[in-house]
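Dear colleague,

I am passing on the structure below, together with a short account of what was found in it. Please have it open while you read, as the notes refer to residues by name and number.

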Amino acid sequence: MKFLFWAAAGLVAYTYIGYVCWLRLRMLWRFRPVLRGSATPSISIVMVVRNEEQTLEAKLQNLRRLDYPAEQCQIVIVSDGSTDRTEEILREYGRDSRIQVVLNQLPRGKASGLNDAIELAGGEIVVFTDVRQKIEPSAVRRLMENFADPEVGCVSGELMLGNPGLGESGQGVGLYWRLEKQVRELEAASGSVVGATGALYAVRRNLLTSIPQGTILDDVYIPMQVVRQRKRVVFDERARAWDDPNLGNDREFARKVRTLSGNYQLLQLAPWLLSDSNPIRFEFVSHKLLRLTIPLALGALLLTSLGLKGGFYRAVLALQLAFYGLSALALSGITKRGILSRVADTAGAFVMLNGAAMVALANFVTGKRTAWTR
C-alpha cells in the first residue's frame with residue numbers, strides 16, 4: 001500500500017511540477033530562440049461555424065479590422081449545416097471580395113469543414129480561428145513574424161481568459177490556463193509545443209495534411225503533423241485572442257470532457273504519436289497523456305491515505321479532505337471573495353478538470369462520441 005501511495009504521489013507531482021522543472025532545465029542547456037523578422041506573406045484565415053447567428057457578425061467585423069494588408073488576406077468561412085441566420089449573415093458578408101463562403105447543407109463536423117476551407121486557401125500561411133474569441137488587431141501580424149524562421153512550421157497564439165480592458169482572470173480555470181501557458185512557453189523555448197491554441201494558430205500551407213473526419217482536436221492533430229515533418233511548433237505570447245472565462249460550470253465541464261476525449265481519440269487516429277516517428281514523444285506523453293491518468297492517481301492517493309497508519313499519512317489525508325471540501329464550496333458557489341475564495345476556485349477547477357478526465361475515460365471505454373462545440 002505504501003508503494004501505491006508513493007507511486008500515485010510521484011505521478012501527480014511529476015505531471016504538475018516535475019515536468020515543468022525538467023523543461024526549465026532543458027531550456028538552460030538547449031535554448032532555441034525563434035528568429036523572428038518582419039514579414040507579411042499571403043494568408044488565408046479559415047473558420048468553421050454552425051448556428052452562430054449570435055456571435056458571427058462580431059467575429060467577421062473583428063477579422064476585417066485586423067492590422068494586416070487587405071490584399072494579402074483571404075478569409076474562408078464554412079457553415080456546417082447551420083439552421084439559424086448564420087448562412088444569411090455569411091451571404092451578406094460574402095459580397096466582400098476577400099471573404100469566401102462555403103455553405104454545407106448537412107452537418108459533417110468541424111474537421112470536414114476545415115478540409116473544405118483548406119482546399120480553398122490560397123495563402124502561403126493558413127490561420128485557424130474559432131468564432132467566439134476576439135483577436136487583437138496586431139495578433140496575426142505578430143504570428144507571421146515567426147515564419148521568417150525557416151525551421152518554424154506552426155505558430156500558436158495565446159488565449160487570454162478575461163476582458164481586454166480589465167486583464168486576464170486569475171481565478172479557477174483562468175489560473176489553471178495561465179499555468180498551462182507557462183508549460184507551452186517552456187516547450188517552445190527549447191523545442192516544440194505539444195499542440196496549439198485553437199482560438200488562434202497558423203501553419204505553412206505546404207505542411208498541411210487532410211484531417212480525418214470526426215477529429216476532435218484539430219489544434220493538436222495539425223501541429224503534431226507539422227512536428228512529424230521535422231518543423232517546429234512555437235508559441236507567441238504577443239499574438240493574443242480573448243475569451244470569456246465565465247461560461248458556467250456545466251458548459252466548461254462539457255468542453256473539457258470533449259477536449260480530453262480528443263486526446264484518447266488521437267491515439268486511435270495517429271498511433272505513430274507513441275512511436276519514433278514523433279520527435280516529441282516524451283513531451284506528448286508528459287504533457288497530454290499523463291494528465292489523463294491523474295484522476296486514477298488521486299483516487300489511489302486518497303484510498304491509500306485512509307488505509308495507512310502514521311502521523312504523516314493522517315496529515316496527507318487531512319490535506320486532501322480539506323482540498324476537496326474547498327472544491328465543493330467553489331462548485332456550489334458559496335465562496336464569494338477573499339483569499340479563501342481564490343483557493344477554493346483553484347481547487348474547484350482542478351477537481352472539475354479531473355472529473356472531466358474520468359468522464360472522457362468512460363467515453364473512450366464505452367465508445368461514446370462527444371459532440372462538436374465551439
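The notes below take up one strand and its partners, then the nonpolar cores, and lastly one helix.

Please keep in mind throughout that this is a predicted model.

The strand is E4 (residues 125-129), in which five of the five residues are buried, so that E4 is largely enclosed by the rest of the structure. Both of its faces are covered, with Ile125, Val127 and Thr129 buried on one side and Val126 and Phe128 buried on the other; in general, the side chains of a regular strand alternate between the two faces of the sheet. E4 runs parallel to strand E1 (residues 43-49), to which it is joined by four bridges, and Ile43 has Ile125 as its bridge partner in E4. With strand E8 (residues 200-204) E4 is antiparallel and shares five bridges, and here Val127 stands opposite Ala202 of E8.

The largest nonpolar core has 82 residues, of which Ile43, Phe128, Met144 and Val203 touch the most other members. Apart from that core lies another, of 12 residues, including Phe5, Leu308, Tyr313 and Phe350. Returning to Val203, and leaving aside its neighbours within four places in sequence, its contacts include Ile125, Val126 and Phe128, as well as Phe147, Leu208 and Ile222.

Helix H9 (residues 281-307) has 27 residues, which at 1.5 Å a residue should span 39 Å, and because its end C-alpha atoms are 36 Å apart, the two values agree. H9 nevertheless bends by about 45° at Leu290.

With kind regards

Terms used:
Residues are numbered from 1 along each chain as its sequence is written. This is a predicted model: local features need pLDDT of at least 70, side-chain atom pairs count only at pLDDT 80 or more; totals for chains, interfaces and linings use all residues. Side-chain values use heavy atoms; hydrogens and water are left out. Helices (H or I, at least four residues) and strands (E, at least two) are DSSP runs, numbered from the N terminus. The expected span of a helix is 1.5 Å times one less than its number of residues. The bend at a residue is the angle between axes fitted to the seven residues ending there and the seven starting there. A nonpolar core is a set of buried Ala, Val, Leu, Ile, Met, Phe, Trp, Tyr and Cys residues joined through side-chain atoms within 4.5 Å. Buried means under 20% relative accessible area, exposed over 50%, partly exposed in between (1.4 Å probe, protein chains only). Contact means heavy atoms within 4.5 Å. Two strands pair if DSSP finds at least two bridges between them.
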